[in-house]
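Student: I've got a model open and I'd like to know what's behind the labels people put on it. Can we go through a few?

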Amino acid sequence: MQTPALSSQEEKAQLEEKYEKLIDQFEQETAQYDRLSRIAAIATFGGVLASILVPLLYLAATAADPFRAFVSGPLLYIVIGGVLASKVAPKLVIMYANHKKHEVSRLKYRPVTGVCMCDLYQYRTHLRRMEKSDTPGERMRHAKLAAYYKHQMGWG
């Protein structure tokens, strides 16, 4: 079933009427997973810095020749392992948070709306950003992204 092309104002009005409250409720229910994703993203940066600086500061404080002790000792492996762990662990946390958000969407909202709430949320976000954009290029980008999420939901 294909719907006729609507202007962005008409699309937004239609979206607001049917789904606005559901999207807001979904946002509230999944806020803890968004927070978890933000913390994981910040932890990536902090983990990389800590895994490099802490061993270097330790060596500078304890060894007579820090460079030789670093290259020949196990601290090099600790630094490399710390950097890798601080890149992989947050990605796993973000994947878990996204999985839980999709699970909430699939179990609670999809039977009501018929679409994934994550896609519906992104669609609404890009419609709003399209209205607020200052330049035609920005508007076009958000229009393309809105069209993508509309297609993902099977609406167009």
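Tutor: Sure, and bear in mind that this is a predicted model. Start with the largest nonpolar core, which has 17 residues. Those with the most contacts inside it are F26, Y109, M117, L120 and Y123.

Student: Which elements give two or more residues to this core?

Tutor: They are α1 (8-29), α4, α5 (117-132) and α6 (136-152). With six residues, α5 gives the most.

Student: What makes V112 count as exposed?

Tutor: The cut-off for exposed is over 50% relative accessible area. V112 has 58% relative accessibility, so V112 counts as exposed. You'll find V112 in helix α4 (residues 75-113). Its C-alpha is 9.4 Å from that of L22, though the two are 90 residues apart in sequence.

Student: How do you know that the span of α6 agrees with 1.5 Å a residue?

Tutor: The 17 residues of α6 should span 24 Å, and the end C-alpha atoms are 24 Å apart, so the two agree. Helix α2 (residues 31-62) can be checked likewise: 32 residues reach 45 Å from first C-alpha to last, close to the expected 46 Å.

Student: Why say that the buried residues of α6 line one face of the helix?

Tutor: The buried ones are H142, A146, Y149 and K150. Seen down the axis of α6, the buried residues fall within an arc of 105°, so they line one face. On the other side of α6, P136, M140, K144 and H151 are exposed.

Student: And what comes just after α6?

Tutor: G154, with a positive phi of about 85°.

Technical notes. Residues are numbered from 1 along each chain as its sequence is written. This is a predicted model: local features need pLDDT of at least 70, side-chain atom pairs count only at pLDDT 80 or more; totals for chains, interfaces and linings use all residues. Side-chain values use heavy atoms; hydrogens and water are left out. Helices (H or I, at least four residues) and strands (E, at least two) are DSSP runs, numbered from the N terminus. Buried means under 20% relative accessible area, exposed over 50%, partly exposed in between (1.4 Å probe, protein chains only). The expected span of a helix is 1.5 Å times one less than its number of residues. A nonpolar core is a set of buried Ala, Val, Leu, Ile, Met, Phe, Trp, Tyr and Cys residues joined through side-chain atoms within 4.5 Å. The arc is that of the directions from the helix axis to the C-beta atoms.
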